[in-house]
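Please read the following note beside the sequence and the structure. The points are numbered so that each can be checked in turn.

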Amino acid sequence: MGIVAGLDSSPDFTRIVVCDADSGAVLKQGYAPHPLESGEGGGRPADVDPQAWLLSLGEAAGGGLLEGVQAIGVSAQQNALVPLDAQGNTVRPAMPGGDKRTQVAAADLIDRLGGREAWAQAVGCVPQAMHPVTKLRWLARNEPEAAQRVALVLQAHDWLVWQLLGRPSRRTTDRGGASGTGYWSAASGSYRPDLVELALGHQAMLPEVLGPGDAAGTTPEGLIISAGTGETMAAAFGLGVRQGDAVVSLGASGSVMAVHHEALADPSGMITSLADATGMHLPVVHTLNAVRTLRGTADMLGLSGIEELSDLALKSTPGSHGLVMLPYLEGEKTPNLPHTAGTLSGLRRESMKPAHLARAAFEGMLCGLGDAMDVLRARGVEVRRIFLLGAAAELPAVQVAAPMLFGTQVVVPQPADYAALGAARQAAWALNGQLPQWQGAAAQVLEPGEELPVGQAVRQQFTAVREQTHPGAFDSVVA
């Protein structure tokens, strides 16, 4: 019995759900935007004062939202670096997860350790701009005086948990958050402080890594604060994914992650080996081109948006009359083709119709994500069921094509605050001492059915064009 809350501090807002600890039923909800000034060009700011996260949290929890709550879980944007001095004060504003200033620093770190394979073996991921270890390297190179003052390194959810507990001497994190830092190995379950020193130029304190059901502490009022975790891990926990499940996210870029029993070291760098919020692992493969492929095609055809593109695509047939789109519009990460461009193949008089191009865009996007899924399958990851996330998952053209192209059951969950729900479920675990068996997400279930052979033929057509255009692009994965 009991009442728990989960809060999700995303890059733009804070959402809070208050739930029954036994059933997971949502009792109350709160929301507040982060009070952030826009960055250059109207986008997100490059630096963020962490106090903005606390202000947003306080507003979202207003009106007595948390009355009666016995435990709170915290989910927050991943990879946001909060560098602190010896007194616990911020050395500089936090660097958000999506910070792109650090791309050169990532390449520098890869070289300094001896290449991509060395990093994959060390911590299960190859440094990218988003990783905290890369941000530390950027800090050492660009703000050396601030870097010298860094005594403690936290991420967003670590910092929020610490603040909720009244800034105790004990600082904590969880396996999920730690696995995305670039200096903690999901395989060994331990930090690599030498990599912190390699990046920052000196050692710094790191938070204690808690187990999935552990509590970070209790407030003087008796409120239990659970370990907290990153948004990806919290959303997976909120969805209720388990071994045999994969999650395909359709944003501007795409990702495929799956629950697996062990960490995967991938010398190619295509797989990022994360830990989940339950003691399992979440290997993730990213693609650079997902919904941006659809938007680009809609613009090319003079359509109002991807909803109209979906309607048009349904006027074509599977295989798009032989038209194949390799959707590598921004280069591609999976396969590793950073400097390539997209390809449109199979142009014949009968295929040169808007509906076939629209269908080829959807099939190209989903086949690209199918390639990403095959990277995981090639490493022994079992995929029996796929959760399809993102606004584009609601498009009829996606729902028609995804089951046949992925070749397995596809689940489209109803929109909900899954990261906040995952944080609340973690709080219930800390409160009651056992993993709560909450009901899974309400969802639409789609089966490939009789269309499975058709989908396999479309995948083969896509693969043939990819191999002809970019021969050997996946050789390192197969090897």
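**Notes on the predicted model**

1. The structure holds 0 disulfides. The model is a predicted one, and the points below should be read with that in mind.

2. Two cysteines deserve a remark. Buried means under 20% relative accessible area. Cys 125 has a relative accessibility of 2%, and therefore counts as buried. Cys 367 also counts as buried, because its relative accessibility is 1%.

3. The next feature is a pocket. The second largest pocket holds about 670 Å³ of space. Its lining is made up of 35 residues, and those closest to the centre of the pocket are Phe 237, Gly 238, Leu 239, Gly 240 and Gln 439. Three elements each give two or more residues to this lining: strand S3 (26-33), helix H9 (231-239) and helix H14 (418-432).

4. What is the make-up of the lining of the second largest pocket in nonpolar, polar and charged residues? The lining divides into 20 nonpolar, 11 polar and 4 charged residues.

5. Helix H9 merits a closer look. With 5 residues, H9 gives the most to the lining of the second largest pocket. The helix is also mostly covered, since 8 of its 9 residues are buried. The buried residues of H9 are Glu 231, Met 233, Ala 234, Ala 235, Ala 236, Phe 237, Gly 238 and Leu 239. Three of these names, Phe 237, Gly 238 and Leu 239, also appear among the residues closest to the centre of the pocket.

6. The residue after this helix should be noted as well. Gly 240 follows H9 and has a positive phi, near 85 degrees. Gly 240 is also one of the residues closest to the centre of the second largest pocket.

7. Is strand S17 (residues 281-287) largely enclosed or largely open? S17 is largely enclosed by the rest of the structure, because 6 of its 7 residues are buried.

8. S17 has two strand partners to consider. Strand S15 (residues 254-258) pairs with S17 in the antiparallel sense, over 4 bridges. In this pairing, Ser 255 has His 286 of S17 as its bridge partner. Strand S16 (residues 271-275) also runs antiparallel to S17, and 5 bridges join the two. Here Thr 272 stands opposite Val 284 in S17.

9. The final point concerns the turn in the chain. S16 and S17 form a hairpin with 5 residues between the strands. In this hairpin, Gly 279 takes a positive phi near 105 degrees.

Definitions and conventions. Residues are numbered from 1 along each chain as its sequence is written. This is a predicted model: local features need pLDDT of at least 70, side-chain atom pairs count only at pLDDT 80 or more; totals for chains, interfaces and linings use all residues. Side-chain values use heavy atoms; hydrogens and water are left out. A disulfide is a pair of cysteine sulfur atoms within 2.5 Å. Buried means under 20% relative accessible area, exposed over 50%, partly exposed in between (1.4 Å probe, protein chains only). On a 1 Å grid over the protein atoms alone, a cavity is a set of points where a 1.4 Å probe fits but cannot get out, and a pocket is an open set with protein on both sides within 12 Å along at least five of seven lines; lining residues have an atom within 4 Å of a point. Grid points are joined across faces, edges and corners, and a volume is the space filled by probe spheres set on the points. Ala, Val, Leu, Ile, Met, Phe, Trp, Tyr, Cys and Pro count as nonpolar, Asp, Glu, Lys and Arg as charged, and the others, Gly among them, as polar. Two strands pair if DSSP finds at least two bridges between them.
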